[in-house]
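Let's take a walk through a protein structure together. Keep the 3D view open and turn it around as you read.

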Amino acid sequence: MKKTRKLHASHINMSHGSGGKAMRDLIEDLFVSCFDNPQLNALEDQARFDLQSLQQYGERLAFTTDSYVVDPLFFPGGNIGTLAVNGTINDLAVSGAKPLYLSCGMIIEEGMPVSELREIVQSMKAAADLAGVQIVTGDTKVVPHGKGDKLFINTTGIGVIPQGIEISASRSKVGDKVIVNGYIGDHGAAILNARGDLALDVSLETDCQPLHELMSVMLAACPDLHAVRDASRGGVATVLNEFAESANVSIRLDESCIPVRNTVRGVCEILGLDALHFANEGKLVATVPADSAEALLHAMQSHPAGREAAIIGEVVEGPAGRVVIKTGFGGERILDMLVGEQLPRIC
Amino acid sequence: MKFVDEFRDPDMAKSLLDKINQIVKEIPRCQQRPLQIMEVCGGHTHSIFRYGLEQLLPKEIELVHGPGCPVCVLPMGRVDDCIAIAEQPNVIFTTFGDAMRVPGSKKSLLQAKAGGADIRMVYSPMDALQLAKKNPDKQVVFFGLGFETTMPSTALTLLQAKKEGVSNFYLFCNHITIIPTIKAILDSPDMTIDGFLGPGHVSMIIGQKPYEFISRHYQRPLVIAGFEPLDILQSLYMLLIQIRDERAEIENQYTRLVPESGNRQALQAVSEVFELREFFEWRGLGSIDHSGVQIRQSFAQYDAERHFIVPNLTIADPKACQCGEVLKGAIKPWQCKVFGKECTPETPLGALMVSTEGSCSAYYAYGKIDVDNL
């Protein structure tokens with residue numbers, strides 16, 4: 001049996017990206033031995049798929065890519081690796097696809113402790129196993145100290161969409177209900193707190209989780225889901241504005257129905273930020289036919305990833321592309337996409 | 001959420017709105033023209049829009065969004081000065097988040113940061129002082145801005161820097177003071193304001209007394225107001241009672257946080273570190289006498305204006321900008337020639353479009369203005 005090469009360095013250095021023996025040590029010891037599957041173990045330049053085996057899941061491929069840059073790399077409830085796996089799974093899942101294979105591209109800054117990198121790779125493996133996907137191909141680059149921010153990860157994913165599913169932002173229709181699968185803003189607030197700038201004594205965890213199983217439950221309850229997106233950067237506000245623009249409709253939310261944890265509300269109050277603009281890593285927003293909304297809601301609530309699901313609004317007649325939120329007093333305000341980045345107010 | 005939800009109770013809001021609707025009928029003056037009530041503070045503007053309060057009020061009340069956003073009234077020349085300091089070698093320039101996007105004559109701090117200047121967002125001046133202690137080989141500058149609300153924390157930071165003998169920390173002082181500004185508005189020839197919602201946070205520091213000239217010399221009522229929606233509605237109701245009864249007094253709705261005589265310790269720190277400037281330039285309002293503070297001689301070693309070469313130029317606002325008229329309540333934000341066209345939150349031409357507390361930005365983001373059809 002072939003002996004696996006071992007990585008002995010404590011920190012990443014430029015030789016780990018040189019294409020030589022040190023790089024081979026890194027790839028075999030960290031990535032291949034951890035991700036461990038026949039496709040990757042073959043150490044070819046590409047993963048190869050048998051088309052018939054893909055066809056058993058459906059008739060169309062879904063293909064997506066995303067890059068992950070986050071500071072800090074580790075935060076309560078996850079790390080950059082779990083984000084990279086679940087984020088790409090979710091980008092596939094919201095099309096109704098069954099996620100199957102991922103690639104993993106890593107850009108590592110010289111000087112990164114190998115122990116941290118190993119922990120991240122192990123987290124990726126655990127997240128992939130939990131979701132039933134395989135990381136089958138990858139790439140490693142090392143950049144000089146000061147030219148990166150410890151670690152950037154790119155993951156690309158392939159999934160298969162079962163027959164008859166047609167989910168698209170442009171399909172939202174007047175009368176549809178708007179559903180979210182739980183508390184919003186957890187990830188954005190957790191990252192803000194984890195940076196340690198705020199000195200807030202609060203417990204906040206990312207909501208990072210895969211959503212494909214929840215999507216299966218949702219499709220079983222309502223095969224005609226109209227629009228679904230995961231509400232990552234830009235938050236729920238951005239997704240709803242995209243729906244409204246794409247389908248030429250208006251969306252009206254009821255603020256009192258939107259699930260937001262008290263701690264997240266507290267962070268927003270202190271800093272003058274809006275949870276609807278915070279990033280999420282395990283939340284989706286959907287527009288669904290009104291007549292199946294209640295049944296769908298109950299189905300979602302039966303799954304752990306949708307336990308706090310709620311109907312938060314509806315698609316209405318009105319200026320195309322406009323999202324309006326009804327406040328607790330019956331007043332209304334426009335909910336726009338995030339402009340620039342969210343910046344705390346001075347007082 | 002405790003101590004928050006209590007001030008957002010829809011039933012209480014409805015009851016207050018009913019009372020407001022009733023009382024305006026008892027004020028003959030508002031049958032001829034709407035009563036103009038100015039909320040001085042940008043925090044109030046933000047709450048008014050966030051909770052859609054303006055639409056719930058009767059047509060007899062017109063809210064005028066005043067000059068109380070320190071970011072909005074920051075003149076362009078001052079932003080240029082910040083960038084000139086930040087771009088000097090070996091400098092770490094620190095600032096509150098919402099000052100990052102304010103346009104200077106050529107660029108904003110955010111753009112200067114993208115161009116390579118070491119500009120960092122902090123949440124308090126103490127964070128900037130910590131940064132100075134951690135980076136003894138750098139010169140760390142804190143961009144101090146804001147009204148009396150933020151002035152004490154800056155003063156306490158300088159006192160701390162002096163006590164600890166930190167020698168690489170500097171303050172670029174742009175703190176401003178609210179009273180001369182309200183006076184300038186009251187002295188404006190086109191002044192039509194009937195009453196004021198007083199700034200809650202500023203009043204926590206200065207107390208009630210400094211506002212007394214408003215009732216005594218100008219016969220206008222002022223109610224110091226908290227920032228929650230119920231605070232604002234109750235304060236409006238208190239103002240309307242005064243107007244109905246033809247009284248002009250200084251009242252305090254925000255008693256849970258505002259002591260009558262202010263915060264003595266904070267005021268002491270402020271007076272130890274700062275002294276009034278002869279005049280200070282305001283964006284949209286021009287120069288207002290004694291409306292800003294500067295660092296006293298005894299703290300000169302921390303004064304960025306003395307330590308660094310700053311251009312200190314007065315840059316005129318863009319001609320198309322009507323921020324000044326909006327600030328004085330002469331026109332509404334959407335009546336400005338460039339609102340929603342050349343001037344949007346993404347490309348702010350005027351300062352009022354920059355911060356979420358600026359009335360133009362608030363109207364753009366929260367107001368039911370059909371921007372496409374302006």
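Leaving aside its neighbours within four places in sequence, which residues is Asp207(A) in contact with? Keep in mind that this is a predicted model. Asp207(A) is in contact with Tyr183(A), Asp186(A) and His187(A), and also with Asn280(A), Glu281(A), Gly282(A) and Lys283(A). To find Asp207(A), look in chain A at the loop between α6 (186-194) and α7 (212-221). Being in a loop doesn't put Asp207(A) out in the open here: its relative accessibility is 7%, so it counts as buried. Two of those contacts deserve a zoom. The side chain of Asp207(A) makes a polar contact of 3.1 Å with the side chain of Lys283(A). A polar atom of the Asp207(A) side chain also lies 3.5 Å from the backbone nitrogen of Gly282(A).

Now zoom out to the whole of chain A. You should be able to pick out ten helices and 13 strands. The radius of gyration of chain A is 21 Å, close to the 20 Å that the globule rule gives for 347 residues, so chain A is as compact as a globular protein of that length. If you drew a box around its C-alpha atoms along the principal axes, that box would be roughly 65 × 55 × 30 Å. Of the 347 residues in chain A, 55% are buried. How much of the contact network joins residues at least 24 apart in chain A? Among contacts between residues at least 6 apart in sequence, the share is 84%.

While you're in chain A, check two spots in its backbone. Asp71(A) and Pro72(A) are joined by a cis peptide bond, with omega at about 0°. You'll find Pro72(A) in the loop between β1 (60-68) and β2 (74-75). Then go to Asn248(A), in the loop between α8 (235-247) and β9 (250-254) of chain A. Its phi is near 55°, which is a positive value in a residue other than glycine. Asn248(A) has a relative accessible area of 57%, so it counts as exposed.

On to chain B, which has 15 helices and 13 strands. For its 374 residues, a compact globule would have a radius of gyration near 21 Å, and chain B agrees with that at 21 Å. The C-alpha trace of chain B spans about 65 × 50 × 45 Å along its principal axes. Here 60% of the 374 residues count as buried. Of the contacts in chain B with a separation of 6 or more, 77% come from residues 24 or more positions apart. Chain B has a positive phi to look at as well: Glu246(B), which isn't glycine, has a phi near 55°. Glu246(B) sits in the loop between α11 (229-244) and β9 (250-252), and it is exposed, with a relative accessible area of 74%.

Let's look at one helix up close. Which residues of helix α12 (residues 264-273) of chain B are buried? They are Ala266(B), Ala269(B), Val270(B) and Val273(B). Look down the axis of α12(B) and you'll see these buried residues fall within an arc of 100°, so they line one face of the helix. On the face turned away from that buried side are the exposed residues Arg264(B) and Gln268(B). And what covers the buried residues? The cover includes α7 (151-164), α9 (200-206), β10 (274-276) and β13 (293-295) of chain B. At the start of α12(B), a side-chain oxygen of Asn263(B) comes to within 3.2 Å of the backbone nitrogen of Gln265(B).

Next, the nonpolar cores. The largest one has 102 residues, and Phe93(B), Phe169(B), Tyr211(B) and Phe274(B) touch the most other members. Not counting residues up to four places away in sequence, Phe93(B) touches a group that includes Cys82(B), Ile85(B), Leu109(B), Val141(B) and Phe143(B). Apart from the largest core lies another, of 38 residues, including Leu83(A), Met106(A), Ile108(A) and Ala127(A).

Finally, what about the cysteines? A disulfide is a covalent bond between the sulfur atoms of two cysteines. Over all chains, the disulfide count is zero. Take Cys343(B): the closest cysteine sulfur, in Cys321(B), is 5.6 Å from its own sulfur, which is too far for a bond. Cys343(B) counts as buried, at 6% relative accessibility, and Cys41(B) counts as buried at 10%.

Methods: Residues are numbered from 1 along each chain as its sequence is written. Chains are lettered from A and ligands numbered from 1 in the order in which they are written. This is a predicted model: local features need pLDDT of at least 70, side-chain atom pairs count only at pLDDT 80 or more; totals for chains, interfaces and linings use all residues. Side-chain values use heavy atoms; hydrogens and water are left out. A nonpolar core is a set of buried Ala, Val, Leu, Ile, Met, Phe, Trp, Tyr and Cys residues joined through side-chain atoms within 4.5 Å. Buried means under 20% relative accessible area, exposed over 50%, partly exposed in between (1.4 Å probe, protein chains only). Contact means heavy atoms within 4.5 Å. Helices (H or I, at least four residues) and strands (E, at least two) are DSSP runs, numbered from the N terminus. A polar contact is a pair of N or O atoms within 3.5 Å; within protein, one must be able to donate a hydrogen and the other to accept it, and residues adjacent in sequence count only if both atoms are side-chain atoms. The arc is that of the directions from the helix axis to the C-beta atoms. A disulfide is a pair of cysteine sulfur atoms within 2.5 Å. The radius of gyration is taken over C-alpha atoms; the globule rule is 2.2 Å times the number of residues to the power 0.38.
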